[in-house]
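Have a look at the model below and keep it at hand while you read. We will go through it in short stops, beginning with a single side chain.

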Amino acid sequence: MSNIKKAFENGKAFIAFITCGDPDLETTASAVRAAAENGADLIELGIPFSDPTAEGPDIQGANLRALDGGITTDKIFAFVKELRRDVKVPMVFMTYANVVFSYGAEKFISTCKNIEIDGLILPDLPFEEKEEFQPLCKQYGVDLISLIAPASENRIAMIAKEAEGFLYIVSSLGVTGTRSEIKTDLAAMVKVVRENTDVPCAIGFGISTPEQAKKMADISDGAIVGSAIIKLLEKYGKEAPKYIGEYVKSMKDAIR
């Protein structure tokens, strides 16, 4: 059984996204622990990339701060290995295809297995091109997580049928970032997903308040939050983990 399924076993899942190395890895470690201790069921760790096309200004800023601070993929691998001594919730990497390519796909994915990373999200990898990485992910037991966007329409069923781990449903067209309201007919998208797979689905992009999280979790199997957490890191720096813990608790309480 995919370890990711555990995130969805106790009701609705709260998924937290944290960029590795913003402002430094010590703070990232504290932020991850604070999120896990306060109810995050799964944690997405962002590996910074110089051209993060799916990201809005908040996460772009975090990527640049981390890269300016000298973060590398190898440092992140060593960091996760250390983190896994006590953090037991499922964890996945979110990054870009180029990061995996340039590192060497087999080396990257086999290392994910060794450090107990459960899945990989590559927002710029089209479903039709996933064969670039799929066989290696299968070989090493790392779920390649697919995204479904409002523009996916007639491809939703096809993507859902081959889903692994969980399905990442993108709430709105455009990039990540907090939004005051989400107007996409997400219930219709989730209905198609449910008809084609038993794999859980969670909604992300634009969720920042407990009310939004509850609304999204009511429709799907969970809510994903990134930019709102990154804003806390930008605002409080090394002091941010305490605030992240409080924030995650308020979001998890809302979706219970």
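Is Phe 17 buried or exposed? Because its relative accessibility is 6%, Phe 17 counts as buried. Please keep in mind throughout that this is a predicted model. Phe 17 lies in strand E1, which covers residues 13–19. Along the chain, Phe 17 and Met 94 are 77 residues apart, yet their C-alpha atoms are separated by 8.6 Å.

Met 94 takes us to strand E3, residues 91–94. Both faces of E3 are covered: Met 91 and Phe 93 are buried on one side, and Val 92 and Met 94 are buried on the other. E3 also has strand partners. Strand E2, made of residues 42–46, runs parallel to E3 and is joined to it by four bridges. E4 pairs with E3 in the parallel sense as well, over three bridges. Met 94 takes part in both pairings: it is the bridge partner of Gly 46 in E2, and its own bridge partner in E4 is Ile 121.

Phe 17, Gly 46 and Met 94 turn up again around an internal space. A search of the whole structure finds two cavities of 30 Å³ or more, and the second largest has a volume of about 60 Å³. What lines the second largest cavity? Besides those three residues, the lining holds Thr 19, Ile 47, Pro 48, Pro 52, Glu 55, Ile 59, Asn 63, Thr 95 and Tyr 96. E1 and helix H2 (57–68) each supply at least two residues of this lining. By character, the lining residues divide into seven nonpolar, four polar and one charged.

Let us move along to another strand. Which residues cover the two faces of strand E7, residues 167–170? Leu 167 and Ile 169 are on one side, Tyr 168 and Val 170 are on the other, and all are buried. On the E6 side, E7 pairs in the parallel sense over two bridges with that strand, which spans residues 147–148. Ile 148 has Ile 169 as its bridge partner in E7. The path from E6 to E7 includes helix H7 (residues 156–161), and the three elements make a right-handed β-α-β unit. E7 also pairs with E8 in the parallel sense, here over four bridges, and Leu 167 has Cys 201 in E8 as its bridge partner.

Cys 201 brings us to the cysteines. Because its relative accessible area is 0%, Cys 201 is buried, and Cys 20 is buried with a relative accessible area of 0% too. How many disulfides does the structure hold? The count is zero. A disulfide is a covalent bond between the sulfur atoms of two cysteines. For Cys 20, the closest cysteine sulfur is in Cys 112, and it is 11 Å away, so the two are too far apart for a bond; the cut-off used here is 2.5 Å.

Next come some backbone details. Most residues other than glycine have a negative phi, and most peptide bonds are trans. Where does the model depart from the trans form? A cis peptide bond joins Asp 22 and Pro 23, with omega about 0°. Pro 23 is found in the loop between strand E1 and helix H1 (25–37).

Positive phi values in residues other than glycine appear at Glu 116, with phi near 65°, and at Phe 205, with phi near 80°. Glu 116 has its place in the loop between helix H5 (105–114) and strand E4 (119–121). Phe 205 is in the loop between strand E8 (201–204) and helix H9 (210–219). Their surroundings can be compared through accessibility: Glu 116 counts as partly exposed because its relative accessibility is 45%, whereas Phe 205, at 7%, counts as buried.

Our last stop is Lys 138, found in helix H6 (residues 134–140). Its relative accessible area is 59%, so Lys 138 is exposed. Lys 138 and Phe 49 are 89 residues apart along the chain, and 25 Å separates their C-alpha atoms.

Note on methods
Residues numbered from 1 in each chain as written. Predicted model: local features only at pLDDT ≥ 70, side-chain atom pairs only at ≥ 80, totals over all residues. Heavy atoms only, no water. Buried < 20%, exposed > 50% of the residue type's maximum accessible area, 1.4 Å probe, protein only. Pairing = 2+ DSSP bridges. Right-handed = clockwise from strand over helix to strand, strands pointing away. 1 Å grid on protein atoms, 1.4 Å probe; cavity = no way out; pocket = protein on both sides within 12 Å on 5 of 7 lines; lining within 4 Å. Points joined across faces, edges and corners; volume = space filled by probe spheres on them. Nonpolar A, V, L, I, M, F, W, Y, C, P; charged D, E, K, R; others polar.
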